[in-house]
Amino acid sequence: MQTKLPEQLIKTPQGQKANDILRSCVHCGFCLATCPTYQLLGNELDSPRGRIYLIKSALETNAFSQKSVQHLDSCLTCRACETTCPSGVEYGQLIEIGRDLVEQKRPLWQKIARTSVRKLLTSPVLFNLLGSVAKHSSIQTPAISQQGDKGRVLLLTGCVQPTLTPNTNHATKNVLATLGYEVVETAQKECCGAIDQHNSAHGDALIKIKRNIDQWSTLLESGITTIISTASGCGVMVKDYPTLFKPDDAYYQKAVSVAAQTKDIAEFLSDQDLSSLSVENTKISYHAPCSLQHGQKLPNLVEGLLSKLGYELAPITDAHLCCGSAGTYSIFQPEISKQLRDNKLENLSQSQPNLIVTSNIGCQMHLAKGTDTDVKHWIELLDN
Ligand code: SF4
Ligand code: SF4
């Protein structure tokens with residue numbers, strides 16, 4: 001794609017990055033077929049290619065209409081388009097740049113509402129207060145992290161997960177302990193930065209990210225071999241940390257190291273002998289989060305693992321499509337979000353499962369709101 005971005009803009013790191021990404025798009029339109037919002041709304045401007053044009057035009061002319069704001073707001077950042085794109089267009093990075101433009105044009109009331117939600121979701125203290133009066137799943141006996149002969153791993157507990165779905169971390173600790181690993185938990189006071197980063201609050205995101213990098217780097221230096229994430233939305237953010245620093249930044253190398261040693265729990269278990277685990281024998285459907293299959297580029301990982309453990313997984317129609325959770329999307333775009341959830345639940349329910357399992361707290365909570373079937377993290381199946 002030809003571009004005519006102002007010279008001054010191209011001299012900035014963000015302008016240079018946007019220009020490179022825009023030029024890599026050959027506007028073939030393959031991505032339209034797998035974009036959930038294009039499928040639902042049928043408007044080219046609600047497709048990846050349409051949004052790429054909108055961002056290009058805004059960068060070239062420094063003009064952005066309220067209609068364009070809506071088209072960018074309706075993007076889920078699911079990155080299904082990246083998986084489909086034959087030219088390797090880094091849409092996820094381009095939409096972040098587009099969102100910065102959008103923020104400048106947003107009405108004041110929207111800015112206040114968005115900032116309030118973002119602050120609430122990224123404040124564990126505030127969130128735990130609310131969580132104490134909220135309905136949440138029952139807490140099982142806490143796992144005992146024994147001395148492991150296989151080594152020490154760090155479990156990212158997440159900022160909202162301990163309150164909303166405590167069984168995920170308990171199950172993970174039990175499974176890792178059974179396999180012989182000593183599990184170290186962070187006193188994680190900070191969000192991974194995803195909610196701030198995807199809502200154009202880069203300054204706030206960077207403060208959290210640097211604190212995390214400092215804390216985790218120290219632990220890695222003390223002999224921790226792997227950082228384990230059980231929420232794929234957090235995992236993809238941590239793996240993307242290096243993209244937020246220039247190579248000459250003091251944090252760059254540390255970010256590279258943290259990202260390289262971070263694994264989703266399914267990635268970690270794929271290299272392990274799981275014969276010592278007993279599995280819960282029940283009929284399940286698995287929902288693959290976008291942050292795992294498109295963001296972390298790990299399609300079919302959990303499905304393969306569960307099949308190896310003896311589960312017969314029925315194929316899920318449109319498994320590549322987002323469930324509509326997408327971070328704060330379900331709060332700000334409730335109609336599209338609900339439609340996507342209904343579609344997803346219909347597809348997940350086709351085989352009449354007893355249980356729906358997934359790999360991300362956001363998807364788990366979102367899906368659970370629309371069905372009477374239990375929705376859990378799949379790791380809970382292995383904790384018996
Ligand atoms: S598939 Fe890739 S190259 Fe083709 S229009 Fe979409 S983003 Fe551009
Ligand atoms: S990130 Fe998802 S919703 Fe956004 S353009 Fe790409 S496929 Fe469509």
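The following questions and answers concern a predicted model, its two ligand sites and its two sheets.

User: Where does ligand 1 sit, and which residues come nearest to it?

Analyst: Ligand 1 is housed in the largest cavity. A total of 13 residues surround this ligand. Those that come nearest are Cys25, Cys28, Gly29, Cys31 and Cys85.

User: How do the residues of the shell around ligand 1 divide into nonpolar, polar and charged?

Analyst: Each residue of this shell is assigned to one of three classes, with Gly counted among the polar ones. For ligand 1 the division is nine nonpolar, three polar and one charged.

User: Which cavity is the space taken by ligand 2, and which helices each supply at least two residues of its shell?

Analyst: Ligand 2 takes up the second largest cavity. The residues around this ligand include Pro36 and Thr37, as well as Pro48 and Arg51. The helices that each supply at least two residues of the shell are H3 (36-41) and H4 (48-61).

User: How many residues of each class does the shell around ligand 2 have?

Analyst: Among the residues around ligand 2 are Cys35, Cys75, Cys78 and Cys81, together with Arg51, Arg79 and Tyr91. Cys and Tyr count as nonpolar, whereas Arg counts as charged. By class, the shell has eight nonpolar, two polar and two charged residues.

User: Why is one side of strand S2 and of strand S4 left without a neighbour in the sheet?

Analyst: The four strands form an open sheet in the order S2-S1-S3-S4, with parallel pairing. Strand S2 (181-185) and strand S4 (262-264) are left with one side lacking a neighbour because they stand at the edges, each with a single partner strand. From one strand to the next, the twist averages 35 degrees.

User: Over how many bridges do strands S1 and S3 pair, and which helix packs on the sheet, touching S1, S3 and S4?

Analyst: Strand S1 (residues 151-156) and strand S3 (residues 224-229) pair in the parallel sense over five bridges. Arginine 152 stands opposite isoleucine 224 in S3. The helix packing on this sheet makes about 155 degrees with the direction of S4, and it is H14 (residues 232-239).

User: Which strands stand at the edges of the sheet with the order S5-S6-S7?

Analyst: This open sheet has three strands with parallel pairing. Its neighbouring strands are turned by 30 degrees against each other on average, direction ignored. The strands at the edges, each with a single partner strand, are S5 (284-286) and S7 (374-377).

User: Which residue in S6 stands opposite tyrosine 286?

Analyst: S5 pairs with strand S6 (residues 355-358) in the parallel sense over three bridges. Opposite tyrosine 286, the residue in S6 is valine 357.

Definitions and conventions:
Residues are numbered from 1 along each chain as its sequence is written. Chains are lettered from A and ligands numbered from 1 in the order in which they are written. This is a predicted model: local features need pLDDT of at least 70, side-chain atom pairs count only at pLDDT 80 or more; totals for chains, interfaces and linings use all residues. Side-chain values use heavy atoms; hydrogens and water are left out. A residue is near a molecule or strand if one of its heavy atoms lies within 4 Å of it. On a 1 Å grid over the protein atoms alone, a cavity is a set of points where a 1.4 Å probe fits but cannot get out, and a pocket is an open set with protein on both sides within 12 Å along at least five of seven lines; lining residues have an atom within 4 Å of a point. A molecule sits in a cavity or pocket if more than half of its atoms lie within 2 Å of its grid points. Two strands pair if DSSP finds at least two bridges between them. Axes are lines fitted to C-alpha atoms, for helices over the stretch in contact, and angles run from 0 to 180 degrees between N-to-C directions. Contact means heavy atoms within 4.5 Å.
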